[in-house]
Amino acid sequence: GTILISGGFGGLGLTISRWMIEQRGVKHIALMSRRTSIELEQPSNPQYDDWLRLKRTTKEYNAHVDVVQADVTNFQQVHDLIERFQKTCYPIRGIIHSAVVAEDRTLGNLTQEHLSLVLPPKVRGAWYLHQATQLLHAPIHFFIMFSSIRNHLLEVASAGYNAGNQFLDALAHYRCTKLNLPALSISLPAVSGAGMFHRHKEMLNTLKVTQGFELMPTVSVFELIECFHQTQKICPCPVIFAVNWQTLHRNYPTLATSYLRKIVGERYKEMKFDQPSSPGKSNSNESTMNKKETIIERTQSAVARLLGAASVDRIVIDRSLVSQGMDSLAAVSLFNWLGQETGIYIPLVDLLQGLSIKTIATLVYNKLNEKEQTISSATKEHDSDFDLVDENEVQYSNTSTYTGLENLICLHRSNQNNTSTLFCITQISNDNNNEDLFTFFIDKLSNQKDKTSSNDIYALQIPSITSSSISTYAQNLITQMRRIQPCGSYQIVAIRNKPEETIAHEMLKQLKTHSLITNTQLHLLDALN
């Protein structure tokens with residue numbers, strides 16, 4: 001299918017397009033903008049270099065990027081655009097709404113003209129994309145809207161901009177909770193090289209100096225968005241930011257909200273910054289200080305190797321590692337290295353939230369001291385409840401380039417609205433009797449409460465099954481199933497006492513364990529005579 005990006009000519013839209021093609025094997029992207037492709041090709045365009053890089057990537061990876069001129073604030077243009085794609089071999093399967101107009105004004109200077117300029121791209125754009133996909137019954141796999149961390153800060157000059165972001169949050173909640181549709185409204189941080197903060201550097205400098213917020217690499221942000229997609233039903237409006245907690249704590253009295261002050265206070269206590277030493281233990285303090293310095297030096301060397309720095313001195317020990325280029329894969333390597341060298345496993349989520357080497361050393365040092373106090377010298381137990389993270393597992397999505405639907409066949413489409421969908425699991429046949437098998441499904445289901453007239457029915461085809469491949473097949477079938485119906489609950493059909501039944505049970509298990517979907521129904525049919 002095709003991924004549609006509104007505001008696609010912006011730096012963030014062009015950057016995420018390149019990442020999806022290079023890292024996730026996406027083959028078809030549509031960049032939607034009021035501007036024309038001729039304007040995009042002009043060297044005076046601020047995103048000209050990003051566009052050239054995307055064109056090179058598209059050619060290298062044999063992908064296709066459509067540049068489509070349409071106004072996201074015009075419903076008819078949005079509807080016609082999506083309808084046109086739905087009639088092609090590559091219909092819209094995912095939407096990223098990144099259209100924005102930013103013009104800050106204080107409350108006293110707000111006018112109707114100003115709000116009419118700032119609100120429509122976010123508010124009308126998101127609503128029209130939602131309405132058009134609903135009216136056209138487009139099976140959207142994801143619906144991502146870009147909000148901003150500014151929405152959660154006290155900024156008197158961004159009232160109109162933040163009102164638009166609040167609407168995105170409300171729409172995400174509405175789609176998820178009321179309509180059971182996919183939706184994410186993601187409050188983005190300051191993203192390195194793209195986005196609003198990149199265009200307004202004075203705003204970024206203010207945030208860094210006064211509040212401790214740091215730049216985040218684009219790759220880290222995109223990978224976090226990918227993680228949030230898995231938890232959107234319980235958290236449709238996540239907030240991403242990298243921060244120096246010590247800087248933030250120094251500005252504790254001036255923080256914008258009581259909730260932010262609460263978070264900062266808790267994190268500061270957890271990390272035990274500047275923990276006072278006990279009197280009368282100077283020798284012990286000297287030894288522990290040396291030990292702490294050793295941890296800093298060794299961690300700094302390890303990070304330099306992981307990030308490919310020319311020298312250790314290029315890695316600043318009191319700056320966020322994320323702001324220095326650490327992505328999720330490097331964080332996994334650091335996680336494993338710390339565990340192997342020190343026996344302390346700092347959660348990956350913390351490593352990606354903006355910790356510095358000095359902060360990591362403080363955490364490791366404190367945890368080592370705690371263990372010395374609690375573990376008997378006569379008993380040596382394994383000191384961690386965590387298993388090492390397999391870096392090959394983290395990179396699985398880089399090899400998952402399949403985006404087609406040839407093994408997903410529609411057996412029956414209902415003419416009724418608000419129908420449910422049945423997914424029938426069947427093996428790919430080598431003796432050309434697939435049509436007989438599909439007829440079998442239709443006949444069997446038609447005898448059960450007239451399901452053929454009230455439900456859409458799809459066949460999920462799989463090759464020959466081995467015991468070692470059941471888990472993989474189940475995962476792949478769930479992915480295929482979600483291309484048609486992005487959210488549960490699901491209805492799965494399999495033939496009793498066949499390998500397909502085993503896979504169906506594995507699918508139920510994975511849906512419950514990894515996606516928190518517990519209301520999936522399994523229909524078992526007696527075998528074909």
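Contact here means heavy atoms within 4.5 Å. The exercises below use this term on a predicted model.

**Exercise 1. Which residues does Thr421 touch, leaving aside those up to four places away in sequence?**

Solution. Start with the location: Thr421 belongs to strand 10. Next, take its accessibility. The relative value is 10%, so Thr421 counts as buried. Finally, list the contacts. Without counting residues up to four places away in sequence, Thr421 touches Asn455, Asp456, Tyr458, Gln485 and Gln491.

**Exercise 2. Classify the ring pairs that Phe423 makes with Tyr458 and Tyr490.**

Solution. The structure holds four aromatic pairs. One of them joins Phe423 and Tyr458, with 6.1 Å centre to centre and 25° between the planes. Planes under 30 degrees apart count as stacked, and this pair is stacked. Phe423 lies in strand 10 (residues 420-427) and Tyr458 in strand 11 (residues 455-462), so the pair ties together parts that are 35 residues apart in sequence.

The rings of Phe423 and Tyr490 have centres 6.4 Å apart and planes at 65°, so this pair is edge-to-face. Tyr490 sits in the loop between helix 19 (470-484) and strand 12 (491-495), while Phe423 is in strand 10, so the pair ties together parts that are 67 residues apart in sequence.

Now check burial. Phe423 has 0% relative accessibility and therefore counts as buried. Tyr458, at 7%, also counts as buried, and Tyr490 is buried as well. As a result of the ring pairs, Phe423, Tyr458 and Tyr490 are linked into a cluster.

**Exercise 3. Describe how helix 1 packs against helix 3.**

Solution. Take the axes first. Those of helix 1 (residues 11-24) and helix 3 (residues 48-60) come within 9 Å and cross at roughly 20°. Angles under 35 degrees count as roughly parallel, and helix 1 and helix 3 are therefore roughly parallel to each other. The crossing of helix 1 past helix 3 is left-handed. For the contact surfaces, helix 1 supplies Gly11, Leu14, Ser17, Arg18, Ile21 and Glu22, which meet Asp50, Trp51, Arg53, Leu54, Thr57 and Thr58 of helix 3.

**Exercise 4. Do the same for helix 5 and helix 6, then give the handedness of the crossing.**

Solution. Helix 5 (residues 112-135) and helix 6 (residues 159-178) have axes 8 Å apart and pack at an angle of about 15°. That makes helix 5 roughly parallel to helix 6. Helix 5 passes helix 6 in a right-handed crossing. The residues that meet include Leu115, Val118 and Trp127 from helix 5, and Gly160, Phe167 and Arg175 from helix 6. Arg175 has a further role to note: its charged end sits over the ring of Phe143, 4.1 Å from the ring centre.

**Exercise 5. Place Ile149 and Val322 in the chain, and find a residue that is distant in sequence for each.**

Solution. Ile149 lies in the loop between strand 5 (142-148) and helix 6. Its relative accessible area is 6%, so Ile149 is buried. Ile149 and Ile186 are 37 residues apart along the chain, and their C-alpha atoms are separated by 8.7 Å.

Val322 is in the loop between helix 12 (282-307) and helix 13 (328-342). With 0% relative accessibility, Val322 counts as buried. Glu214 is 108 residues from Val322 in sequence and 8.3 Å from it in space, C-alpha to C-alpha. Leaving out residues up to four places away in sequence, Val322 touches Leu215, Met216, Pro217, Leu351, Leu352 and Gly354.

For the chain as a whole, take contacts between residues at least 6 apart in sequence: 75% of these join residues at least 24 apart.

**Exercise 6. Are Asn62 and His137 buried or exposed, and what is the sign of phi in each?**

Solution. Begin with the background: most residues other than glycine have a negative phi. Asn62 has a positive phi, near 55°. Its place is the loop between helix 3 and strand 3 (64-69). Asn62 has 67% relative accessibility, so it counts as exposed.

His137 is not a glycine either, and its phi is positive at about 55°. His137 lies in the loop between helix 5 and strand 5. At 59% relative accessibility, His137 counts as exposed.

**Exercise 7. How many helices and strands does the chain have?**

Solution. The secondary structure comes to 20 helices and 13 strands. As to burial, 48% of the 529 residues count as buried.

Methods
Residues numbered from 1 in each chain as written. Predicted model: local features only at pLDDT ≥ 70, side-chain atom pairs only at ≥ 80, totals over all residues. Heavy atoms only, no water. Phe/Tyr/Trp six-rings, centres within 6.5 Å; stacked < 30°, edge-to-face > 60°. Helix = DSSP H or I, 4+ residues; strand = E, 2+ residues; numbered from the N terminus. Buried < 20%, exposed > 50% of the residue type's maximum accessible area, 1.4 Å probe, protein only. Lys NZ or Arg CZ within 6 Å of the ring centre and 35° of its normal. Axes fitted to C-alpha atoms, helices over the stretch in contact; angles between N-to-C directions. Parallel < 35°, antiparallel > 145°, perpendicular 65-115°, else oblique. Left-handed = near helix turned anticlockwise from the far one by under 90°.
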